Structures are given as structure tokens and as C-alpha cells.
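This briefing is intended for a reader who is new to the structure shown below. It takes up selected side-chain pairs, helices and loop residues in turn.

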Amino acid sequence: MGHSNLTVDSRSGYCSCTSVFYSKRKPVPLPPPSTPIDAATFISTRPHPGHIALIDASSGRHLTYPDLWKAVHSVSSFLSLRLGIRKGHVVLLLSPNSIHFPVVVLSVLSLGAVITTTNPLNTPSEISKHASDSKPVLAFTTADLLPKISALRLPTVLIDGDQFEEMMRFEPGRERVKERIDQDDTATLLYSSGTTGLSKGVVSSHRNLISMVQIILNRFGLDREGGGKPETFLCTVPMFHIYGLVAFASGLLGSGSTVVVLSKFEIGEMLSAIERYKATYLPLVPPILVAMINNAAAINSKYDLRSLRSVLSGGAPLSREVIEGFRERYPTVRILQGYGLTESTGIGASTDSAEESLRYGTAGLLSPNTEAKIVDPETGAALPVNKTGELWIRGPYVMKGYFSNPEATSSTLDSEGWLRTGDVCYIDEGGFLFVVDRLKELIKYKGYQVAPAELEALLLTHPDITDAAVIPFPDKVVGQYPMAYVVRKTGSDLSEKGVIDFVGKQVAPYKRIRRVAFVGAIPKNPSGKILRKDLIKLATSKL
């Protein structure tokens with residue numbers, strides 16, 4: 001990190017001469033930046049003692065590590081020799097979680113092509129916007145989801161069909177042309193609501209992915225020489241999302257661990273999979289954690305969860321009541337929390353032990369190889385310990401920028417590589433990060449991000465709506481859901497149901513408006529920005 005000559009406070013990691021917080025965690029090793037290597041090759045060449053790579057939770061079908069890498073070699077050879085896929089080509093993957101998802105991802109990465117994923121819940125028009133921006137040359141999907149992309153007229157491979165099975169067994173008669181892949185080349189193009197609303201393509205490099213892989217393997221003690229003891233991870237998180245993609249569809253496969261894949265999330269399926277496959281790690285979003293607390297007696301009497309050692313929670317900090325409630329009902333399981341963004345390849349801060357998680361409300365200590373600043377949004381001044389401002393982070397996992405969007409890139413990434421996260425935070429005297437609020441107004445519904453700006457733009461297309469604002473409405477079960485404030489046209493008798501149905505037909509289920517209030521005017525500041533805080537106060541004052 002280059003701070004050995006600085007006077008860094010050993011407790012907080014803060015240096016008063018640079019106004020920078022330095023990670024207290026030991027840096028993880030990365031290949032020299034000039035070494036040409038792609039993320040898939042980096043993962044495949046790590047030594048480990050593991051045997052089973054991936055298991056389909058419902059059918060029990062599995063891929064061993066030799067099966068996995070043979071399939072990746074066959075699929076990448078087929079893509080190159082038969083379909084002409086080259087370095088820099090974009091390949092779209094629209095699929096629920098499956099044991100074939102990582103095969104596609106690793107094959108595309110090994111060619112130096114770019115993988116772009118989209119949520120299977122998205123509507124055809126949302127997917128078509130994504131495709132017209134990212135310009136894929138090929139799509140992978142499933143038979144069920146094919147109708148959602150048929151209008152794109154792209155060459156398409158069904159990953160649950162015979163063709164893909166054949167691709168995984170393809171024996172190339174000749175070696176494919178291997179193009180030089182540098183660590184700075186683009187690896188993934190994932191769509192994020194960014195720090196200001198509408199969806200943007202986040203461009204991540206192979207180095208970004210390699211950094212994330214090294215940090216997560218270090219976090220779980222899986223990076224020891226020759227491989228640590230392999231673990232069994234239950235993959236409940238979507239693989240199209242940055243954390244699912246880089247951890248479960250790629251990175252953990254460099255550790256010899258077994259990834260048990262749930263194709264769709266259902267709590268009963270999740271619990272029986274823990275029992276059946278003796279899962280040791282379980283990633284969750286906070287609402288599922290709360291459900292496990294509320295139904296602990298029934299769960300413990302019906303399922304044998306003795307193998308489970310850790311739950312990994314992300315998406316929102318857990319309260320003291322939740323952490324203590326979980327520890328009381330599942331005393332042998334530790335809770336680990338984490339903080340990251342698509343723009344930071346899912347990395348930023350984490351708690352890596354039960355003791356660290358007991359610092360209630362924290363997102364954890366800064367990840368290895370990380371520097372942070374807390375910046376006053378008004379003055380731009382960097383602030384010391386225990387002062388609240390916008391979190392800026394810098395590290396080898398920070399994105400290259402937003403795809404074809406130099407304005408959004410320059411407003412989020414500065415010339416020195418600092419990523420403005422849009423989150424209001426402070427770092428305490430122990431070096432722990434606390435996320436206080438969001439500058440960036442995203443609604444977190446069951447861990448999914450919903451951009452108010454996208455729903456507002458949609459509402460304004462309704463002939464009876466003259467103005468609209470969307471805010472997060474707190475909910476114990478889902479975290480937050482979108483609520484709309486709507487100004488009707490004079491004489492209109494548009495109803496709450498009318499608004500809900502109008503939006504519901506055009507967006508994925510997690511983006512639906514679930515509550516509507518009609519108002520005479522939307523409160524705005526002099527520059528026309530919606531005063532969302534005022535509307536949130538108004539909405540929650542009646543709770």
C-alpha cells in the first residue's frame with residue numbers, strides 16, 4: 001500500500017498527514033500488473049486439494065474440478081473455433097443460477113471476451129435496453145427465458161439444452177488462437193444503478209476480478225500455500241450480481257471449495273440443502289436472516305444445520321437485536337458482514353470474525369489493499385476519525401469506469417483513482433466503517449437495488465401524471481420497497497391501483513411500486529432536485 005514511511009495510527013489506520021485511512025488487514029499478493037493473465041487462468045492455476053467443484057442442489061448433479069476445467073477448455077475452444085468469439089467481444093448471459101453458469105463465465109473470460117449478465121426477472125424491454133447499450137454478439141440463456149431475448153435476434157445457445165452439453169464435450173482438432181490478455185483488459189460489463197439513478201455499465205478488468213478473488217479467499221482462510229481446507233458454500237445469491245459472479249461463479253473455484261447451487265431461492269430448499277450437502281458457509285440478505293430468527297424453533301426441529309459455521313450477510317448493516325437474536329438461536333454459527341459496490345467489484349469492508357461483528361452496526365474493517373477517505377460533501381475536505389462524510393475508496397479492485405459514459409465516470413472516479421461511493425459513512429477509532437446514510441437514494445428491496453430515477457421516468461410517461469417522486473418505504477420483511485408520490489393531471493381520477501398496475505406491467509417484480517400517495521406538488525430545491533428526505537419524513541411520520 002506504500003504507507004510504511006507514514007505515521008499511521010495503529011488502531012484506526014488513519015494518517016493525519018495524508019488524511020487517508022489505510023486498511024489494517026495484511027495486503028494480499030497480486031501478480032505484477034504487467035504480467036499478461038486473464039482471471040479464469042489465474043483461478044484455474046491455483047493449487048488446492050479440492051475434488052467436487054459444483055453441485056446442483058435439487059438434482060445432485062455435480063462437476064468435479066477436472067470436469068469443470070475440461071468443460072471450460074471445450075466451451076472456450078468451441079466459442080473461438082466454431083463461433084468466432086474473440087477478445088473484446090461482448091457475450092450476454094441471461095440465466096438463473098446453475099452449475100453451467102460458471103462454465104460460461106470462465107470460458108468467456110479465458111478468451112479475453114467480455115461477459116455481461118442481466119437479471120432473469122427483468123422484462124424484455126429492460127433486457128433490450130441493456131443489449132442495445134452493451135452490444136453483445138452472442139447470448140447464452142435457458143429455454144424458459146428465451147422469449148425474453150428473441151427480439152434481440154442474436155445467435156443464442158441454451159445452457160439447459162443438448163447444444164451446450166455437446167459444447168462441454170467438444171474436442172477441438174486444433175488449438176484455438178490464444179490472444180494476449182492483459183490484466184487491464186475488460187473482463188465484465190455489469191449494470192449497476194451507479195451513484196445517481198439510471199442503470200450504467202460498470203467496466204471491470206481482469207485485475208479487478210483477480211483482486212476480488214484474492215481478497216475473498218484470504219477472508220475465508222482459503223489462500224494458504226497449497227490451498228486451505230476446502231469449505232462447502234451454498235450459493236443463494238444471484239450469480240448475475242457482482243458478488244455472486246466473482247465469488248461463487250468464479251473466485252471460490254480457485255480454492256478447492258465446493259459450491260452448492262440453488263437455482264431459485266426458497267427458504268425450505270435452502271435449509272434442506274444445508275443439511276444434505278453439509279454446507280459450512282451460507283450467504284444471505286438481512287430479510288432471510290430475520291426469517292431464520294423468527295422461525296428458529298421450527299427450523300431447528302426440522303433440519304440438521306450442525307455443519308453450518310458461518311452466515312455471510314450483505315446489502316444492509318444488521319442491528320444489534322438481529323445479531324444477538326441470531327447468536328442466541330444459532331449459537332455455533334458466526335455472522336460475517338460485508339460492504340461493497342458493483343463499482344468496487346463487491347469489495348470495500350468486511351467483518352471477518354464473530355468478534356468483529358459484535359461491533360454493532362459496522363460494515364467491518366477496510367478490505368486488504370484498500371485506502372479510504374471520508375470527505376465532507378460540501379467543502380471537499382478529507383475528515384478524521386469519527387467524522388461523518390462521503391466514503392471514497394481506492395484499491396486494485398476499483399472499476400475502470402462506466403461503459404461509454406465519460407461524464408458519469410468522471411463524476412464517480414477522480415484522476416487519482418478514488419471512487420466516490422455515494423455512501424455517507426464514518427470510520428471509528430478502531431478502524432471500523434459505519435454506513436450512516438446513502439447520498440445515492442437507491443432503494444434496497446430484498447438486497448436488489450431499485451433506482452428511483454428509473455421508476456420516476458416511467459411514471460412520467462403516464463398520460464394522467466404530471467409529476468412524480470419515488471422513495472424507499474421501510475418494511476421489516478423486504479427492507480424497503482418503492483413508494484410513489486404522484487401529481488395527477490387536473491380532472492384525472494387515476495387511482496392507486498391504476499398507478500401500481502401501470503408500473504407493474506413494465507418492470508421486474510422487485511421494482512414494482514407498492515404504495516402510492518397523491519399530492520398537489522412534489523417538493524423540490526431551487527435547482528429542481530426532488531427533496532426526497534422531506535417525502536420520506538412525510539411517509540414515515542404516520543408509522
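Arginine 25 is buried in this predicted model, its relative accessible area being 15%. Its salt-bridge partner is glutamate 356, and the closest N and O atoms of the two are 2.7 Å apart. Glutamate 356 also counts as buried, at 15% relative accessibility.

**Salt bridges**

- In the whole structure, a search finds 18 salt bridges.
- Glutamate 356 and arginine 25 form one such pair. Glutamate 356 belongs to helix α13 (residues 354-357), whereas arginine 25 sits in the loop between β2 (20-22) and α1 (39-44), so their salt bridge ties together parts that are 331 residues apart in sequence.
- Aspartate 185 and lysine 87 are joined by a salt bridge between their side chains, with an N to O distance of 2.9 Å. This pair links distant parts of the chain, 98 residues apart: aspartate 185 is in the loop between α6 (162-168) and β9 (186-192), and lysine 87 is in the loop between α2 (65-81) and β5 (90-93). Lysine 87 counts as partly exposed, at 30% relative accessibility.
- A salt bridge also connects lysine 178 with glutamate 175, where the closest N and O atoms are 3.2 Å apart. Lysine 178 counts as exposed at 56% relative accessibility, while glutamate 175 counts as partly exposed at 49%.
- Arg25, Arg219, Asp352 and Glu356 are joined into one network by salt bridges that share partners.

**Helix α4**

- Helix α4 spans residues 124-134, and its buried residues are Glu126, Ile127, His130, Ala131 and Ser134. Viewed down the axis of α4, these buried residues fall within an arc of 135°, so they line one face of the helix.
- The elements covering the buried residues of α4 include β5, β6 (114-117), α5 (146-149), β9 and α15 (452-459).
- Lysine 135, just after α4, takes a positive phi of about 55°.

**Packing of α2 and α3**

- The axes of α2 and helix α3 (residues 101-110) come within 8 Å and cross at roughly 55°. That angle makes α2 oblique to α3.
- The crossing of these two helices, α2 and α3, is right-handed.
- On the α2 side, the contact is made by Leu68, Trp69, Ala71, Val72, Val75, Ser76 and Leu79. On the α3 side, Val103, Leu106, Ser107, Val108 and Ser110 take part.

**Buried loop residues**

- Aspartate 428 is found in the loop between β22 (419-427) and β23 (432-438). Aspartate 428 has a relative accessible area of 5% and is therefore buried, the cut-off being under 20%.
- Apart from its neighbours within four places in sequence, aspartate 428 is in contact with Ser12, Arg359, Val385, Asn386 and Phe434.
- Tyrosine 397 lies in the loop between β20 (389-394) and β21 (401-402), and is buried with a relative accessible area of 0%.
- Not counting residues up to four places away in sequence, tyrosine 397 touches Asn208, Ser211, Ile215, Glu343, Ser344, Thr345, Ile347, Gly348, Pro368, Asn369 and Thr370.
- One of these residues is glutamate 343. Tyrosine 397 and glutamate 343 are 54 residues apart along the chain, and their C-alpha atoms are separated by 8.5 Å.

How values were computed:
Residues numbered from 1 in each chain as written. Predicted model: local features only at pLDDT ≥ 70, side-chain atom pairs only at ≥ 80, totals over all residues. Heavy atoms only, no water. Salt bridge = Lys/Arg side-chain N within 4 Å of Asp/Glu carboxyl O. Helix = DSSP H or I, 4+ residues; strand = E, 2+ residues; numbered from the N terminus. Buried < 20%, exposed > 50% of the residue type's maximum accessible area, 1.4 Å probe, protein only. Arc of directions from axis to C-beta. Contact = heavy atoms within 4.5 Å. Axes fitted to C-alpha atoms, helices over the stretch in contact; angles between N-to-C directions. Parallel < 35°, antiparallel > 145°, perpendicular 65-115°, else oblique. Left-handed = near helix turned anticlockwise from the far one by under 90°.
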